[in-house]
Every structure is written in structure tokens, then in C-alpha cells.
2 protein chains.
Amino acid sequence: MGLTKTEMFTSEQNQLAQLLKAMAHPARIAILQRILVFNTCICGDLVEELGLAQATISQHLRELKSVGIIQGTIEGVSVCYCINPETWKLLEAQIGAFLGSYKLEASCC
Amino acid sequence: MGLTKTEMFTSEQNQLAQLLKAMAHPARIAILQRILVFNTCICGDLVEELGLAQATISQHLRELKSVGIIQGTIEGVSVCYCINPETWKLLEAQIGAFLGSYKLEASCC
DNA sequence: TTAATAAATCGTAATATTGCAATATTATAT
DNA sequence: ATATAATATTGCAATATTACGATTTATTAA
């Protein structure tokens, strides 16, 4: 099918899955890392640095933007992208709670 | 294409993307959450609780196992799955470093 | 207005993912 | 050995993702 049955899961599970999925690609991780280092990023720089076509980079940026992880504003002829602090905080909270709920060291099987 | 150009990224970026991708599905999040609560889990229980077909659950379990997030041992006629502590620690470290490297509150654009 | 630059969108090909029925495998009990 | 139970695998259909060339849109400069 290729169609996730979202109606069988809670909105929290679906939301976390959506955020993780948006980050679950090496190009999008590389994009985010560049923003984390430089605070900001412009599509053209990424095209040069990542070695992917402009259309591909633009598509990855849209994907990150569509789930709210980044935001972009027009700066003259280019577009300035940066982290959306709200979503980033949500991400940290959700993933932190999820990963942090594992306590046992001894593997049971 | 549908084919990620992994050769353009570092092994760290590819590894993190692979781990995130394995978790980036609501069914797999639900499976992990159940393991986190009960410490262990058996395929049959998940089939009843999640409302997906047995073949589908088995496939999701295999995906989580293939990246090392969970491990399974045969327990009589069923299989006991639990968290793989090593991978979980790696996940916490990698994701923690990634998310934690964002410091600025003020959005720049 | 026109040209130049940057980014977004469209269209498309190749590949991956999701889900399930049917079947196969594995381990226990009789 | 056979039957039963639990899980894994296979094969397939529907849909999603990835990547990119070509084109369009939007903004600035001349």
C-alpha cells in the first residue's frame, strides 16, 4: 500500500513520527547542521556545499519547513532560513521524554 | 529516483538518519513505547494491541532490529523483544548532541 | 522596462515504503 | 511423528520518496 494507517495511533505518536521523518535523511541532517553552525542558511550555499541539485535542496528545505522545524524569510533576492525555536523546543521535549523513559541497563533477552 | 545519495554525506550523518528513519513511523514508535513500559514485548501482543496484521508487525519489528534498536531472543514458541542498550545509548548521545547544539533563542529571520 | 539572480514549482523516472494474504518456518506438546 | 501455536518470509498492489532538468516566480539592479 505505502499508506501509513495514522488513524490507529495517537496524535502524539503521529506527530513525533512526522518530526523524526522530516529529519531522517542525511541531506536534511546536513542542512540542519549547517544552520546550527551558522545560525542561518541560504539555499544557494547549500547547493554548493552539499552537491545536490538546486531543485533537490529546495525540496528538502520545503520538507523541513512544512513540519515547522525551520522557517524562511525573503532577504532581497534570496531566502534566509533558520531554526524555528518553538518546534525545536517541542522536538527536544518529545524526543527527550521518549528516549529518557528507558531506564534499565540489563537487557532482558 | 528514490535513491538517497549516501556517498555525499558523512557516515555520522548517514547513521543518524538511519536510526531516525527506523523510529519515524507511528507503529514503530508505538512498539517502542510498549517495550519501554513493559520492558519486553512479544509479537502477538502487539498484533492485538496495535490493530495491524501480523505480517505488518513482524516487518516493523525486523526494521527496528535491523538497525540494532531492539533485539530478540527465542522464548519457547514466541520471541521476546527488548531494547538494545548499546544502540539506545548511542541514539541518546547522537540525538542529544544534535538537538543540544542549538542555543540561540532569538530567531534570526 | 529589462536583465540578472535566486529560489520555487512542475513533471517525471527510479526506487522505497507500507500493508496484507498466503505460505513457510520454528519450537513445543501430545 | 503429528498437531498446534507463534513468528517470519514471500509476493504483490498502492502509495511515497528522492533526485533532477526544465520552467516559472520573485526580487533587485541597470
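The lining of the largest pocket in this predicted model is a mixed bag by class, with eight nonpolar, ten polar and five charged residues. The pocket holds about 530 Å³ of space. Of the 23 residues that line it, those closest to the centre are A:Lys21, A:Ala24, A:Arg28, B:Lys21 and B:Ala24. Both chains therefore have a hand in the wall: α1 (11-23) and α2 (26-38) of chain A, along with α1 (11-23) and α2 (26-38) of chain B, each put in at least two lining residues. The largest share belongs to α1(A), which supplies five residues.

Next comes the second largest pocket, with about 360 Å³ of space. Its lining is made of 14 residues, and the closest to the centre are A:Leu3, A:Thr4, B:His25, B:Thr56 and B:His60. Here, too, residues of chain A and chain B turn up around one centre. Helix α4 (residues 54-66) of chain B gives the most to this lining, namely four residues. Sorted by class, the lining has four nonpolar, seven polar and three charged residues. As for how such spaces come to light, rolling a probe the size of a water molecule over the atoms shows where empty space is left.

The two chains themselves line up neatly. A turn of 180°, with a shift of 0.0 Å along the axis, lays chain A on chain B with an RMSD of 0.0 Å. The copies are thus related as by a two-fold rotation axis. Each copy uses the same surface for the contact, since 100% of the contact residues of chain A recur in chain B.

Backbone geometry picks out one position in each chain. In chain A, Asn39 is not a glycine, yet A:Asn39 has a positive phi, near 75°. A:Asn39 sits in the loop between α2 and β1 (41-42) of chain A and counts as partly exposed because its relative accessibility is 28%. In chain B, the phi of B:Asn39 is also positive, at about 75°, again in a residue other than glycine. B:Asn39 is placed in the loop between α2 and β1 (41-42) of chain B, and with 29% relative accessibility B:Asn39 is likewise partly exposed.

What about the cysteines? A search of the whole structure turns up zero disulfides over all chains. A:Cys82 belongs to strand β3 (residues 78-83) of chain A. Its relative accessibility is just 1%, so A:Cys82 counts as buried. Although A:Cys82 and A:Leu32 are 50 residues apart along the chain, 8.7 Å separates their C-alpha atoms. On the chain B side, B:Cys82 is buried with a relative accessible area of 1%, and B:Cys80 is buried as well, at 7%. Both of these values fall under the 20% cut-off for a buried residue.

Strand β3 of chain A also takes in A:Ser78. Unlike the buried A:Cys82, A:Ser78 is partly exposed, with a relative accessible area of 23%. Leaving out neighbours within four places in sequence, A:Ser78 is in contact with A:Ile42 and A:Thr73. A:Gly96, by contrast, is 18 residues away from A:Ser78 along the chain, and the two C-alpha atoms are separated by 35 Å.

Further along chain A, A:Gly100 lies in helix α5 (residues 85-100). This glycine is partly exposed, with a relative accessible area of 23%. With neighbours within four places in sequence set aside, A:Gly100 is in contact with A:Ile95 and B:Glu92, one partner from each chain. A:Gly100 and A:Arg62 are 38 residues apart in sequence, and their C-alpha atoms are 30 Å apart in space.

Note on methods:
Residues are numbered from 1 along each chain as its sequence is written. Chains are lettered from A and ligands numbered from 1 in the order in which they are written. This is a predicted model: local features need pLDDT of at least 70, side-chain atom pairs count only at pLDDT 80 or more; totals for chains, interfaces and linings use all residues. Side-chain values use heavy atoms; hydrogens and water are left out. A disulfide is a pair of cysteine sulfur atoms within 2.5 Å. Buried means under 20% relative accessible area, exposed over 50%, partly exposed in between (1.4 Å probe, protein chains only). Copies are superposed by least squares on the C-alpha atoms of residues with pLDDT of at least 70 in both. Contact means heavy atoms within 4.5 Å. On a 1 Å grid over the protein atoms alone, a cavity is a set of points where a 1.4 Å probe fits but cannot get out, and a pocket is an open set with protein on both sides within 12 Å along at least five of seven lines; lining residues have an atom within 4 Å of a point. Grid points are joined across faces, edges and corners, and a volume is the space filled by probe spheres set on the points. Ala, Val, Leu, Ile, Met, Phe, Trp, Tyr, Cys and Pro count as nonpolar, Asp, Glu, Lys and Arg as charged, and the others, Gly among them, as polar.
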